[in-house]
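Trainee: Could you take me through one part of this structure at close range? I would like to look at a pocket and at whatever stands around it.

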Amino acid sequence: MPEMDGRLSFASGASLSRRVWTILLLLVALSFAARTYDLGAKSLWSDEGLTLRRAEQSLGLVFENVNLIPVGPDYQDGSDPDTVIKTPDLHPPLYFLLMHVWIPLGGRSEFALRFPSVFAATLSVALLYAVGRSLFSRETGLWAALMGAASPFFLWYAQEARMYTWLIVMSLASVYFFLPLLERGARRKDYAAYVVTTLALLYTHYAGFLLLAFELGVYGLYSVRRGRREPLIVLGAMIIAALPLVPFMWRLLDVHPFSFTYRPLDVILKEAWSSFSLGPTRSAMQPWWRLLPFLSVFAVGVLMGGVDRRRRGWVVGLGYLAAPVLIQYALSLMKPNYMNPRHLMVVAPAFELLMAQGLTTLRRWFSPSLLVALGLVLFLRVNATYDILTSHRFWKDDIRGAVRYIEERARPGDAIVLHHPVIRLTFDYYYDGPYPEVAIPRYGNNRDTRRAQASFEAWARRYERIWFMYGPPPTYFPHDFLPDWAETNLFKVCQQEFEAWWTYVGVAAYEHHPPTFETLPEGVNGVDERWEGIDLVGTQPHGAAAGEEAWLDLYWRAGAEAPSAPLRLKAQLRDAAGTVWYERTAEVLPFYPPAAWPGDEIVRVELRLPLPEDLPAISYTLGLEPVGLGAMRPVGRLGVDQPASQSDSTRPFARFEGGIELVRAELESDTFRAGYPLTGDLTWKASATPHEDYLLRMRILDPQRRVVASNETTLSAADYPTSEWSPGDPVAGRLVLQLPAELKGGSHQVQMSLINRRDGSVLPVKRWYGKRDWLTLGSVQIDIWPMVTRMPEDVDRTMGENTLAEKVHLRGYDLERENGALTLSLYWHTDGSLSENYHVFVHVGEAERPPLAEAGGLPVDWTRPTTSWRVGEIIADKHVVSLANVPPGTYDLLVGLFDPETGQRPKTTVDGIIVPGGYVLLEEVKVE
């Protein structure tokens, strides 16, 4: 902020005006940018659903101040789905009239519904400047604009489709047009502007009456001193114009809004101080030390240092903040009318104005104190703003997440029960599925537990599975009553809770009884696969098109030592070449672990598989692995169909002749290690049916543009050649190119081309400058490992002649024993590059029997695959073997290599003699 006196003395005239407007426009732009950031990312919550419902009703209903709440289907027979109940809305109609006009123009997306709030919050920045300048000084006006632009409290309400930022705008506008009425010579247009803006305030939120009471009181005092009659005229005009609101306010006297409670005045003031300073928090207040800078600057502002008309500053500035709060508190003694600081939004701008006056006073007193105070305030507010914009802790009720959770898992025969009748408005904004839904308890019967239980029980009998959205809970109804009944009388299949702010959001699925069978149901494929503690006895895959959801019905028996933890399953889809095209791991039946399964019955487990839209449409080998209970095994096949036809206007990354387009090409990283595979993902599309089958040729060029690695593979799955592609369907592809271990470091280019499988001809890629044989995907950085070629001098033991996999030699090892464990450091050496990726095993026991203790895995703590070993390099590879469960005795310590895919051990020789077990004996170890 430039050096200023009370009137921005750094310049004058046109230069001053330009600088002020430049600063103000910059603040407005920054405010708009922050408030539109990720505006549509968060789900609508229940109050926003009410906004949409009321705004889309007829104009008559908008002005009638009611909401139509759907209550059908009926409880017992599911009839009358269009039944609605009229319920009074707690807010006047102006904001909803605005939304009624806006929605047909702007749309119904989350962004569009919230944009009017953003617009109002941005407009408030300019209005804060205008009021600050009129009430105090131009400098204070600019500070007020800065405070408003940086306010986390304003940001919070700018990103929801409610009227609260418009309440800020109308409050500021009312005060701005009120100030001229306190001057001698006020004109009729001043009165007209005040009456219009204040009526807009009253028709936006009933809190406007609190500000109006304060303004009329101040105006009356000023007018009595001057013997003026205008107060009666203004008051009469206000009463006449506000008369249409009287029936609605009278009706509210009989309404007891949920969570409106009496709060002591000190609690209200503390919550306001916290929220106005740093925005909302889940606790009652922010930590006091974070609020202290704001209180200090505010207190300085109250002193009105340097204000030309200090009395007016105190009366209007401080009264603007304090009087409506005191009036609301006095009214709450008769009837509770306060829930949280949003109900004080009408006075929130006054806090920013007094903060701004405090900054002006600090600059006049001692400029360094301004820098300290402003730095602390902005740092804390920017940090709070960042949290609101990026942290999931600040997500309001995630109804969208709950709907998606249900849609991804529901199947024919299911139904949905919502526990909160009003949440249905928001739920139906996201949900348009085939499953019937109902709200229990019915709106208007929120205290009838008997009828609610009968209704829930009837729906549970009628449908195979109930998706119960138990949170948000209904008002005035026992929150745990229906959830407890469901827990006691039904079988819970799954449960998930979601982000929420005001309350909680949760979904649970219930069936009539556990999914057990005495024999395999008809149509199930019998299998016999055994893992540790459980056996798979049947599968029933349900294929789907790419982009949709397949699922597996898996039938299990519990063994004698079934695990007590919930079952986690990993499923894989592999093509004919063994390439994994899809993998998913999920917990199933989380409330019914294998240890609870009846030993003489079969248990059905459902595993959902949401398929990518570009998954090749072929029949896959289905692999299954109970995580932690054994290895992946093939258990059947799953067919994936062509995706539903869709138009995609995405510009392709590259076009080849023959109608093949590369839609997307993404390398997994921009840095790779020598000896590791270079990997990435591709998405292809055919604009016309290809008549030939093509191969993908990959190559890497070093900085001297020499080819240092290359390979050829299929464009997609091995059994999905290009000649079978359907025009317009996305098809996934994989980039896998093994980088040589001897590769030098530095920047390398990645290129690809398409080759005709039949004759080897190149399919050119079409560029704007002509056709080319090679397409450059980008550059990558190749890193190399430090080269160690000498054994440590103090190695415990050196080894004699041994060879593993024709090229690898174990040169020596170190062995330490401590705390019941062996720490073994192996020193490997290779005579040549390895194309196989072997793992290391370390066994304690007897050579021809299962090990009593073991360790191993990818060498060097899973960082040095054998494909990265260089000729002449010494690889130091440490393993720790626990002996805790080994009985006393003397055992062999064995090491070796194995293929992790097949378990096979490569040819191993010791002193020129082939070892049948594929191991190297190090020594004997004694366990006591």
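Mentor: The lining of the second largest pocket is made up of 8 nonpolar, 9 polar and 8 charged residues. Bear in mind that this is a predicted model. The space in this second largest pocket comes to about 980 Å³. There are 25 lining residues, and those closest to the centre of the pocket are Arg-574, Val-580, Asn-837, Pro-900 and Glu-901. Five strands, namely β13 (567-574), β16 (619-626), β17 (633-641), β21 and β24, are the elements that give two or more residues to this lining.

Let's follow two of those strands, β21 and β24, away from the pocket. Both belong to an open sheet of 6 strands, which you can trace in the order β24-β21-β19-β18-β27-β28. The pairing in this sheet is antiparallel. As a reminder, strands of a sheet pair through backbone hydrogen bonds, either parallel or antiparallel. The edges of the sheet are β24 (730-738) and β28 (770-772); each has a single partner strand, so one side of each is left without a neighbour in the sheet. From one strand to the next, the twist averages 35°.

Now look at β21 itself, which spans residues 677-686. This strand is mostly covered, with 8 of its 10 residues buried. On one side, β21 pairs with β24 in the antiparallel sense, over 9 bridges. Within that pairing you can find Thr-679 standing opposite Val-736 of β24. The other partner of β21 is β19 (residues 660-667), which runs antiparallel to it and is joined to it by 7 bridges. Here Leu-662 has Trp-684 in β21 as its bridge partner.

If you are checking side chains along these strands on your screen, it helps to recall that in a regular strand the side chains alternate between the two faces of the sheet.

Continue along the sheet to its other end, and you reach β27 (residues 765-767) and β28, an antiparallel pair joined by 3 bridges. Arg-767 is a handy marker there, with Gly-770 in β28 as its bridge partner.

So, to retrace the walk: the pocket lining takes two or more residues from each of β21 and β24, and the sheet that holds these strands runs from β24 at one edge to β28 at the other.

Conventions: Residues are numbered from 1 along each chain as its sequence is written. This is a predicted model: local features need pLDDT of at least 70, side-chain atom pairs count only at pLDDT 80 or more; totals for chains, interfaces and linings use all residues. Side-chain values use heavy atoms; hydrogens and water are left out. Two strands pair if DSSP finds at least two bridges between them. Helices (H or I, at least four residues) and strands (E, at least two) are DSSP runs, numbered from the N terminus. Axes are lines fitted to C-alpha atoms, for helices over the stretch in contact, and angles run from 0 to 180 degrees between N-to-C directions. Buried means under 20% relative accessible area, exposed over 50%, partly exposed in between (1.4 Å probe, protein chains only). On a 1 Å grid over the protein atoms alone, a cavity is a set of points where a 1.4 Å probe fits but cannot get out, and a pocket is an open set with protein on both sides within 12 Å along at least five of seven lines; lining residues have an atom within 4 Å of a point. Grid points are joined across faces, edges and corners, and a volume is the space filled by probe spheres set on the points. Ala, Val, Leu, Ile, Met, Phe, Trp, Tyr, Cys and Pro count as nonpolar, Asp, Glu, Lys and Arg as charged, and the others, Gly among them, as polar.
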